[in-house]
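Trainee: I should like to go through this structure and ask how each descriptive term is justified.
Mentor: Please do, and we shall set each value against its cut-off.

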Amino acid sequence: MFVVAKDLVGIPGLPATTKGVREALFRLSSGHPDFVRKREGTKAFEYHVDCLPDTAREAVQARMARQLLAQSASLPVKATARGDLVTGAGGEKVQCELALYRKCPALQEKKLRELTDSQKAIGDARMVLVQEVLRLMDSSENGGLGMKRKQAVEFIADASVAGTLPDYLQRAADIANARKGATRAGVSVPTLQRWLSAWIAADTVGERMVLLAPGKVSKKEVFQYSWMPDFMRFWRDTNK
């Protein structure tokens, strides 16, 4: 990801003027010709963010990520093949589940038919979050930022907890959570990592829905709790 000096004014750890930033970039990129190139169609030079100090680089990427996420939600995601998106993703459980569905498609169709509207809405919301992670990970040629998987997941998850995502994405995070309680806002990093792995492992929208939609919580009968018989014996004992 390349930037020009004027893009970096106001970034922590860098000078406050365009001239000062330009001089700092010249020093930081010295000896690294791959970090500098001439912007096409102009006389300006642009510099790769990897030449910046850590604090400045993270601030630039966070700002650009916010700008990217604020764009239309209808933009297509063109996730490119890369080391972060590996074969066999999702873990053994997901791979076994997918193998079963692919061997017997009727099982997948049955599960999809049995999903409630609420379950489908939650599955859709989780897919929206995953798509935005992939957008951040995508290459700059495809309109992404080239973020590493860990960085992209942490950015989305942390922003969802802080409530700073764009409105459409924050609503998706709140729906995807599928948990009640005012203190349970947003999604956690491990949870979003798990959803991303499931998405990567699946090949079709149907597979992704059955993997990402939450299961039904079955109501237990009273005596299904292992401790209930002992409790009832104690409760019925009139000598206690």
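The dialogue below takes the overall fold, then single residues, then helix contacts.

Trainee: What kind of model is this, and how many helices and strands does the protein have?
Mentor: It is a predicted model. The protein has 10 helices and 3 strands, and along the sequence they follow the pattern β-α-β-β-α-α-α-α-α-α-α-α-α. Of the 240 residues, 37% are buried. Among contacts between residues at least 6 apart in sequence, 67% join residues at least 24 apart.

Trainee: How many disulfides does the structure hold, and what would make a pair of cysteines count as one?
Mentor: The structure holds 0 disulfides. A pair counts if the two cysteine sulfur atoms lie within 2.5 Å. In general, a disulfide is a covalent bond between the sulfur atoms of two cysteines.

Trainee: Why is C51 called buried, and what is C104 called?
Mentor: The relative accessibility of C51 is 7%, and buried means under 20%; C51 is therefore buried. C104 has a relative accessible area of 32%. Partly exposed covers the range between the 20% limit for buried and the 50% limit for exposed, so C104 is partly exposed.

Trainee: Where is A24 found, and why does it count as buried?
Mentor: A24 is in helix α1, residues 18-29. With a relative accessibility of 5% against a limit of under 20%, A24 counts as buried. The C-alpha atoms of A24 and L14 are separated by 7.5 Å, and these residues are 10 apart along the chain.

Trainee: What makes A178 partly exposed?
Mentor: A178 has a relative accessible area of 40%. Buried would require under 20% and exposed over 50%, so A178 is partly exposed. A178 sits in the loop between α7 (167-177) and α8. Leaving aside residues up to four places away in sequence, A178 touches I122 and R126. Its C-alpha atom is 9.8 Å from that of A121, although A178 and A121 are 57 residues apart along the chain.

Trainee: Why is α4 called oblique to α9?
Mentor: The axes of helix α4 (residues 105-114) and helix α9 (residues 205-212) come within 10 Å and cross at roughly 60°. Roughly parallel needs an angle under 35 degrees, and roughly perpendicular begins at 65; α4 is therefore oblique to α9. Q108, K111 and L112 of α4 make the contact with G206, E207, M209 and V210 of α9. These contact residues divide into 3 nonpolar, 2 polar and 2 charged. The crossing of α4 and α9 is left-handed.

Trainee: How do you know that α9 is mostly covered?
Mentor: Of the 8 residues in α9, 7 are buried. They are G206, E207, R208, M209, V210, L211 and L212. The elements that cover them include α3 (91-103), α4, α5 (117-137) and α8 (189-201).

Trainee: What makes α2 and α5 oblique to each other?
Mentor: Helix α2 (residues 54-69) and α5 pack at an angle of about 130°, with their axes 11 Å apart. Roughly perpendicular ends at 115 degrees and roughly antiparallel requires over 145, so α2 and α5 are oblique to each other. Their crossing is right-handed. The contact is made by A65, L68 and L69 of α2 with E132, R135 and L136 of α5. By class, the contact of α2 with α5 has 4 nonpolar, no polar and 2 charged residues.

Trainee: Why are α6 and α8 called oblique, and which residues meet?
Mentor: Helix α6 (residues 149-162) packs against α8 at about 125°, with the axes 9 Å apart. That angle falls between the 115 degree end of roughly perpendicular and the 145 degree limit of roughly antiparallel; α6 and α8 are therefore oblique. The crossing of α6 past α8 is right-handed. From α6, the residues R149, K150, V153, E154, I156, A157 and D158 meet V189, L192, Q193, L196, S197 and I200 of α8. The contact of α6 with α8 divides into 7 nonpolar, 2 polar and 4 charged residues.

Note on methods: Residues numbered from 1 in each chain as written. Predicted model: local features only at pLDDT ≥ 70, side-chain atom pairs only at ≥ 80, totals over all residues. Heavy atoms only, no water. Buried < 20%, exposed > 50% of the residue type's maximum accessible area, 1.4 Å probe, protein only. Axes fitted to C-alpha atoms, helices over the stretch in contact; angles between N-to-C directions. Helix = DSSP H or I, 4+ residues; strand = E, 2+ residues; numbered from the N terminus. Left-handed = near helix turned anticlockwise from the far one by under 90°. Contact = heavy atoms within 4.5 Å. Nonpolar A, V, L, I, M, F, W, Y, C, P; charged D, E, K, R; others polar.
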